[in-house]
Number of protein chains: 2
Amino acid sequence: MSTPDRGLHGRVLDTLGPEITAGEYPPGSVLRTDELAQRFDVSRSVMREAVRVLESMQLVESRRRVGVTVRPRSAWNVYDPEVIRWRLAGADRPRQLRSLTVLRSAVEPVAAGLAAKHATAEQCAALTECALGMVANSRGHQLEAYLVHDIAFHRVILNASGNEMFARLGDVVAEVLAGRTHHDVMFEDPDPAAVTLHVQVAEAVRAGDADRAERLTREITEGALQELDILAP
Amino acid sequence: MSTPDRGLHGRVLDTLGPEITAGEYPPGSVLRTDELAQRFDVSRSVMREAVRVLESMQLVESRRRVGVTVRPRSAWNVYDPEVIRWRLAGADRPRQLRSLTVLRSAVEPVAAGLAAKHATAEQCAALTECALGMVANSRGHQLEAYLVHDIAFHRVILNASGNEMFARLGDVVAEVLAGRTHHDVMFEDPDPAAVTLHVQVAEAVRAGDADRAERLTREITEGALQELDILAP
DNA sequence: GGGTCTTGAATTAGTCGTACCTAATGGGTT
DNA sequence: AACCCATTAGGTACGACTAATTCAAGACCC
């Protein structure tokens with residue numbers, strides 16, 4: 001999807017990464033480079049490159065005479081998009097989804113407030129367009145079209161905040177929203193109240209009303225949190 | 001500091017990483033693996049491992065027949081602790097410090113609210129202890145001792161929130177706080193109002209008053225933001 | 001003549017295999 | 001208990017080959 005071909009070492013990571021993040025190797029487990037190279041039928045050089053990447057993600061630690069040991073969750077670079085994708089694809093999905101939704105509830109309201117102050121005319125226009133798209137697809141089980149606009153909406157907000165750390169969470173929010181539509185329950189049309197809130201946020205940002213934009217966005221993310229509690233109390 | 005010896009490839013990263021994040025190579029610049037290997041006097045294998053790590057941080061992109069091209073800032077994994085350290089150490093420091101402080105202002109209040117609900121007795125005790133330590137060192141230019149307790153305080157809050165994404169920001173907050181004391185202006189004793197707020201947050205968490213803990217922490221982070229505006233408007 | 005398409009040579013990263021070095025470990029000796 | 005040494009697995013280096021992609025020269029069509 002995001003990185004189609006990173007060479008052989010990427011192919012290795014595509015299976016080894018998810019295995020580790022899924023907890024198949026408990027913390028402290030030791031993997032031998034040679035064995036892994038054999039298992040994936042690649043040279044040691046390629047395997048070493050893969051290990052280096054896992055190491056930079058703090059998933060493993062490589063030590064002489066002992067091997068490649070799996071590190072505890074608490075050490076993982078949980079903000080690495082690759083790690084997030086792996087965890088979302090595996091058994092850790094519910095836990096990960098909850099963590100990310102809580103993160104959203106902290107970040108997005110503040111981002112919306114900043115967006116109200118910093119958004120350009122183009123960004124305001126894009127925001128309104130997204131909100132209208134959401135309205136247009138809010139009825140009649142057009143979930144996919146709705147999702148596209150929903151993702152775009154939140155992405156614009158995060159970008160318009162003018163903060164690079166917020167902007168970088170665009171992909172994360174996209175994953176969470178997509179996950180909610182695709183994997184979790186969302187058979188019905190989206191909550192009309194949520195749709196309205198998005199429209200109002202677009203208005204507030206356009207009007208430069210930071211407080212209002214923040215408050216309204218907080219209502220949106222609160223809704224997302226409550227949704228989680230309903231699914232898994 | 002954090003990773004003393006990662007081998008030769010780590011040595012290479014220690015100088016190449018900061019160079020890239022400092023913007024010494026503008027986006028689109030091409031680096032050749034062979035030239036880099038020569039420059040750092042390492043084998044191609046080692047240089048390749050280093051490039052793989054930079055690639056996983058989205059700092060560069062490696063393509064055949066073209067070389068290793070530097071990616072635009074917008075692509076960087078700005079949450080990677082390594083990248084954050086590099087940027088804080090270089091010319092990008094002010095920009096990075098501002099981004100991180102804004103991030104703090106979004107995350108910490110919510111984390112404090114959650115901490116009020118989830119903190120264990122040990123965590124409450126640690127929190128109170130930290131707050132007392134801050135009070136004890138708030139006068140008489142004992143900035144270092146104050147800093148230690150300040151960092152510990154915020155770390156406990158983030159951990160006690162029970163959210164792994166928040167917990168992982170402990171190091172970031174520590175860097176920001178340390179930076180404020182060491183590099184930026186902070187000749188005088190800390191603001192008494194801030195000290196009081198920390199004590200009150202500890203109380204609120206202990207009492208399980210989430211709203212109050214969140215509001216008070218928001219005051220703390222607002223203060224940090226205003227501090228930035230005073231330094232660089 | 002201007003423009004497009006084809007082809008092939010040059011270039012650079014990708015992969016592999018081997019040989020050797022280094023350090024941490026664990027056991028055996030004094 | 002202190003020390004030493006063989007073992008082991010990662011660390012580094014090098015050389016050969018592969019494969020993809022760019023770029024330019026030449027053929028071709030309008």
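Me: Before we start, what does it take for a residue to count as near a DNA strand here?

Reply: Happy to help! This is a predicted model. A residue is near a strand if its C-beta atom, placed from the backbone, lies within 6 Å of it.

Me: Then how many residues are around DNA strand C, and which come nearest?

Reply: With that cut-off, 20 residues lie around DNA strand C. By class, this surface has eight charged, seven polar and five nonpolar residues. The ones that come nearest are A:Gly7, A:Leu8, A:Ser43, A:Arg65 and B:Gly67.

Me: Which helix gives the most to the surface near DNA strand C?

Reply: Let's look at the contributors. On chain A, helix H1 (8-21) and H3 each supply at least two residues, and so do helix H2 (33-40) and strand E3 (67-70) on chain B. The one that gives the most, with three residues, is H3(A).

Me: What about DNA strand D: which element has the largest share of the surface near it?

Reply: Here 21 residues surround the strand, and the closest are A:Gly67, B:Gly7, B:Leu8, B:Ser43 and B:Arg65. At least two residues each come from helix H2 (33-40) and strand E3 (67-70) of chain A, and from helix H1 (8-21) and helix H3 (44-56) of chain B. The largest share is three residues, and it comes from H3(B).

Me: How many charged residues does the surface near DNA strand D have?

Reply: Sort that surface by class. Five residues are nonpolar and seven are polar. The charged residues number nine.

Me: What relation links chain A and chain B?

Reply: Chain A superposes on chain B with an RMSD of 0.1 Å, by a rotation of 180 degrees with 0.1 Å of shift along its axis. That is the relation of a two-fold axis.

Me: Why can we say that the copies meet through the same surface?

Reply: The contact takes 24 residues from chain A and 24 residues from chain B. The copies meet through the same surface because the interface residues of chain A are also interface residues in chain B, to the extent of 100%.

Me: Which helix gives the most to the side of chain A that touches chain B?

Reply: Three helices of chain A give two or more residues to that side: H3 (44-56), H5 (93-118) and H8 (164-167). By class, the side has 11 nonpolar, seven polar and six charged residues. With eight residues, the helix that gives the most is H5(A).

Note on methods
Residues are numbered from 1 along each chain as its sequence is written. Chains are lettered from A and ligands numbered from 1 in the order in which they are written. This is a predicted model: local features need pLDDT of at least 70, side-chain atom pairs count only at pLDDT 80 or more; totals for chains, interfaces and linings use all residues. Two residues are in contact if their C-beta atoms, placed from the backbone, lie within 7 Å. Helices (H or I, at least four residues) and strands (E, at least two) are DSSP runs, numbered from the N terminus. Ala, Val, Leu, Ile, Met, Phe, Trp, Tyr, Cys and Pro count as nonpolar, Asp, Glu, Lys and Arg as charged, and the others, Gly among them, as polar. Copies are superposed by least squares on the C-alpha atoms of residues with pLDDT of at least 70 in both.
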